[in-house]
Amino acid sequence: MARALMSGNEAVARGAWEAGVAVGVGYPGTPSTEVLENLVRYDGVRCEWAPNEKVAAEVAGGVSFGGRRALVTMKHVGLNVAADPLFTQAYTGVTGGLVYLVADDPGMHSSQNEQDTRNLAAAAHVPVFEPADSQEALEFVRKAFDVSERFDVPVIVRMTTRVSHSKSLTKAGERTEIERIPYEKRPQKYVMMPGMARVRRVDLDSRLAALAEYAGTTDANRIEMRDVALGIITSGVAYQYVRESMPDASVLKLGFTNPLPDDLILDFCSKVSRVAVVEELGPYLSLRLRSLDIEQMDTGLSAIGELSPVTVLRAFGGSAPETRAQVADLPPRPPLLCPGCPHRGVFHALGKMRAVVTGDIGCYTLAALAPLTAMDSCVCMGASIGMAHGAALAGTTEGPVVGVIGDSTFAHSGMTGLLHMAYSGKGGTVVVLDNRTTAMTGHQGNPVSGVALGGGPARALDLETLAKAMGADSVRTVDPHDLSGTLEVLRQEVAEDHLSVVIAKAPCALLVREPKDPYAVDEEACTKCGACVRLGCPAISRDENSRAIIDTALCVGCSQCVQVCRFDAIVRVGPSCDLGGGV
Amino acid sequence: MSVTTVVLAGVGGQGTILAGDVLAKVAVAEGYDVKLSEVHGMAQRGGSVDTVVRFGDDVRSPVVDPGVAEHLIAFEMIEAARALRFLRPDGRLVVNRRTVAPLPVLIGDLPMPEDLEPALSAEGAVFLDAEALACEAGSPKSANVVLLGTAAYGLPFARETWCRVIGERVPPKTVEANLRAFELGSNACAKGVCEA
Ligand SMILES: Cc1ncc(C[n+]2csc(CCOP(=O)(O)OP(=O)(O)O)c2C)c(N)n1
């Protein structure tokens with residue numbers, strides 16, 4: 001087969017398929033999401049979105065237990081959620097191969113924190129592969145399944161944003177069909193109660209010892225001898241930066257990084273005059289070198305953010321290329337809520353109420369930015385609800401406390417928070433932003449939206465019934481595009497001393513296939529008050545005379561601005577023209 | 001041959017990612033090693049988007065550092081100015097004469113930067129109006145293909161390869177209009193000035 005351009009995530013999907021994977025399961029999260037979106041297109045593999053990473057890891061564990069190969073995918077913070085099954089799956093080991101695809105996000109392009117998955121993997125005693133490009137992603141995933149079965153352990157393939165989302169030439173292979181391993185009752189292996197777990201813990205160490213030996217022999221780890229004056233130990237995409245900027249240096253390229261091949265490292269270090277580690281995030285490799293008593297060059301490279309060819313060059317005394325001077329003071333261009341986004345209606349109301357909003361993660365987190373500035377915290381998925389309760393326990397009275405959470409996030413880890421609120425009997429207000437999709441990560445289906453991975457129909461959770469069953473005293477559904485209706489319901493609910501769930505239900509603007517006719521501003525009627533501009537809609541701005549103007553090409557006719565205009569200055573205009581189709 | 005780097009800079013939704021994909025495929029078809037890098041996620045919600053295509057005999061890094069790129073094709077003027085740092089002092093700069101106001105400007109917190117055009121002109125920019133040329137080609141949504149045409153003018157790839165890859169990528173009914181858009185972009189650069 002000829003080589004074709006593939007993203008790292010496409011290559012992971014291909015590798016898993018070639019390895020005979022039977023099930024792919026995960027929860028979306030940039031930069032990991034496209035793995036399952038690609039895997040679902042292959043025949044012979046069942047793919048599912050789970051409500052969260054813990055469930056996904058347990059489903060995958062069950063597939064393995066049932067004798068088939070499984071891939072489970074998530075972003076780095078997802079592994080925190082899935083850490084509970086992972087840490088004990090290391091003890092039980094596997095039957096069918098079990099591979100975790102975990103994508104780190106150095107530089108936090110789309111994440112709330114930076115984590116190095118290798119550190120968590122080491123704590124969990126599970127092996128790690130680290131590809132440096134798409135070809136390796138494909139090959140390492142195949143190897144990972146073999147290693148999983150050979151050494152009886154789940155295996156992590158650690159990607160990073162640049163490996164997942166850059167495309168490079170990749171040669172694909174054929175699928176190997178793998179027979180199901182017939183089920184056998186093996187409680188000593190799979191029932192991790194203390195007596196049996198103690199035995200498996202000791203066994204895990206012997207498996208790790210065998211894996212350490214594998215680390216020294218696998219071709220995923222290799223020494224490239226060039227000039228012996230400098231030897232660089234590196235892994236992942238950092239390897240590419242080293243090769244680009246320090247082409248003459250000798251390199252120990254590590255593709256299998258837990259457990260580390262100590263003998264290979266010592267051997268390499270003995271062959272070169274000076275040793276340096278170049279790794280993204282960490283410190284991980286450099287800590288291991290320190291414990292091996294190997295003297296390392298102080299490169300000054302940071303463990304925060306991404307590296308690049310030039311940061312590596314400078315670390316070894318090279319000078320950065322000449323650049324042009326900046327030509328102007330530029331306004332930043334943060335991402336923003338789309339024209340017609342239903343979330344805007346809710347945050348408009350919360351702003352008016354001067355609410356203290358414990359927020360959550362999704363597109364709606366953008367409401368924390370000007371001009372809405374109507375979200376006051378964002379920590380991790382699901383945190384909005386527990387934090388709303390905690391803030392009330394602390395006696396917060398500076399404004400009504402409202403927890404706000406998206407539909408996918410609610411299914412992920414909001415339900416248990418709500419259950420806690422009900423159980424505590426304290427009351428409170430929770431808003432679920434039900435835009436019928438997981439918008440932030442690219443419109444995946446979720447258990448609330450009733451759309452399966454691949455786009456087919458699925459059973460949809462009835463949020464109202466669920467909230468009532470959990471113990472909410474009041475459950476009300478509002479149309480967030482109806483600004484005064486939404487505001488009124490929220491005002492009533494925060495005034496009551498009970499537990500209320502308000503469901504703001506309207507589809508994501510990007511899912512509405514036939515937008516309504518756009519609006520325009522009647523110049524004569526506009527008083528320049530700015531009320532519409534403060535909605536932060538990308539379609540609305542001010543002209544040179546401070547009057548509001550609406551870009552009819554962007555406007556989708558949601559009418560929120562019409563409702564905030566007290567001068568009837570915003571009027572419906574005809575349909576926008578057909579724009580044809582580009583690439 | 002060493003590596004050539006092209007940066008396509010624009011605003012989420014302008015089609016830079018798809019344009020980058022076409023460019024990368026053309027380079028592959030011409031026999032080069034290629035890497036393409038883009039950032040997904042948050043950025044797609046109207047933020048700044050830089051797509052980087054690198055080709056040569058052996059391409060290592062998928063990302064570009066300041067002062068490295070030979071070509072900067074900017075889909076918007078503010079983003080042209082922002083991405084200018086990537087361009088080598090002797091690099092080629094093509095700018096779509098269009099501004100998309102970012103949120104702080106829309107809501108009146110920050111002014112629109114003034115005199116961007118003369119400033120970019122002083123940096124050697126060639127300007128064009130991609131939207132107008134796309135309309136002229138009969139497909140207003142093909143501004144990104146017009147801009148691909150401008151990139152093509154400075155790159156060592158055969159015209160047939162471009163046409164084939166574009167033809168494979170666009171909706172069948174729009175192939176002709178897109179090829180016209182491509183041609184108009186390329187011709188605009190051939191003339192050296194792209195006065196609209
Ligand atoms: C543990 C964890 N998993 C995944 C993510 C990535 N992620 C952030 S928000 C989000 C989903 C948002 O969907 P929803 O709550 O429906 O809000 P919307 O974007 O649709 O407004 C995901 C998957 C994350 N930040 N943390």
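**Close-up views of chains A and B**

**View 1. Arg54(B) and its many neighbours.** Setting aside residues up to four places away in sequence, Arg54(B) touches Glu244(A) across in the other chain, plus Val3(B), Thr4(B), Thr5(B), Asp33(B), Val34(B), Lys35(B), Val59(B), Ser61(B), Pro62(B), Val63(B) and Val68(B). Keep in mind for this and the other views that the model is a predicted one. Arg54(B) sits in strand β3 of chain B. Is this arginine buried or exposed? Its relative accessible area is 4%, so Arg54(B) counts as buried. Two of its neighbours are worth a look for their polar atoms. The side chain of Arg54(B) makes a polar contact of 3.0 Å with the side chain of Thr5(B). That arginine side chain also gets to the backbone oxygen of Ser61(B), at 2.9 Å.

**View 2. Pro66(B), in a loop of chain B.** The loop in question runs between β3 (48-56) and β4 (69-74) of chain B, and Pro66(B) is part of it. With a relative accessibility of 33%, Pro66(B) falls in the partly exposed class. What does Pro66(B) touch, not counting residues up to four places away in sequence? Its contacts are Pro321(A) and Thr323(A) from chain A, together with Arg85(B) and Phe86(B) from chain B. Take Arg85(B): 19 residues separate Arg85(B) from Pro66(B) along the chain, and their C-alpha atoms are 5.1 Å apart.

**View 3. The ligand and the side chains around it.** A shell of 26 residues surrounds the ligand, and the closest of them are Glu53(A), His343(A), Asp407(A), Thr409(A) and Ala439(A). Now for the polar atoms that face ligand oxygens. Thr409(A) puts a polar side-chain atom 2.5 Å from an oxygen atom of the ligand, and His343(A) has a polar side-chain atom 2.7 Å from a ligand oxygen. Met440(A) joins in through its backbone: one of its polar backbone atoms is 2.9 Å from an oxygen atom of the ligand. How much of the ligand does the protein cover? On its own the ligand has 590 Å² of accessible area, and the protein covers 97% of that. By residue class, the shell has 13 polar, ten nonpolar and three charged members.

**View 4. Where the ligand shell comes from.** Two helices of chain A, α4 (76-92) and α16 (407-424), each bring at least two residues to the shell. The largest share, four residues, comes from α16(A). Why does the ligand lie between two domains? Both domain 1 (2-215) and domain 3 (343-511) of chain A give residues to its shell, so the ligand lies between them. For the wider layout, chain A is assigned domain 1 (2-215), domain 2 (221-315), domain 3 (343-511) and domain 4 (519-572). The centres of domain 1 and domain 3 of chain A, taken over C-alpha atoms, are 32 Å apart. Where those two meet, domain 1 of chain A puts in 16 residues and domain 3 of chain A puts in 15.

**View 5. Helix α14 of chain A, mostly covered.** This helix spans residues 343-352, and eight of its ten residues are buried. The buried set is His343(A), Arg344(A), Gly345(A), Val346(A), Phe347(A), His348(A), Ala349(A) and Leu350(A). His343(A) is familiar from the ligand view, as one of the closest residues in the shell. What do the buried residues of α14(A) pack against? Their partners in chain A are the strands β14 (356-358), β15 (401-406), β16 (428-434) and β18 (499-505), along with the helices α18 (483-495) and α19 (560-564). After α14(A) comes Arg354(A), with a positive phi near 50°.

**View 6. Lys189(A), a buried lysine.** Helix α8 (residues 187-190) of chain A holds Lys189(A). Lys189(A) has a relative accessibility of 7%, so it counts as buried. Leaving out residues up to four places away in sequence, Lys189(A) touches Thr92(A), Gly93(A), Val94(A), Thr95(A), Asp152(A) and Arg200(A).

**View 7. Cys529(A), in a loop of chain A.** Look for Cys529(A) between β19 (519-521) and β20 (540-542) of chain A. Its relative accessible area is 31%, which means partly exposed. Beyond its neighbours within four places in sequence, Cys529(A) is in contact with Arg534(A), Arg542(A) and Phe567(A). How far is Cys529(A) from Asn221(A) in space? The C-alpha to C-alpha distance is 65 Å, and the two are 308 residues apart in sequence.

How values were computed
Residues are numbered from 1 along each chain as its sequence is written. Chains are lettered from A and ligands numbered from 1 in the order in which they are written. This is a predicted model: local features need pLDDT of at least 70, side-chain atom pairs count only at pLDDT 80 or more; totals for chains, interfaces and linings use all residues. Side-chain values use heavy atoms; hydrogens and water are left out. A residue is near a molecule or strand if one of its heavy atoms lies within 4 Å of it. A polar contact is a pair of N or O atoms within 3.5 Å; within protein, one must be able to donate a hydrogen and the other to accept it, and residues adjacent in sequence count only if both atoms are side-chain atoms. Accessible areas come from the Shrake-Rupley method with a 1.4 Å probe; for residues, only the protein chains shown count as cover. Ala, Val, Leu, Ile, Met, Phe, Trp, Tyr, Cys and Pro count as nonpolar, Asp, Glu, Lys and Arg as charged, and the others, Gly among them, as polar. Domain bounds come from an automatic or database domain assignment. Buried means under 20% relative accessible area, exposed over 50%, partly exposed in between (1.4 Å probe, protein chains only). Contact means heavy atoms within 4.5 Å.
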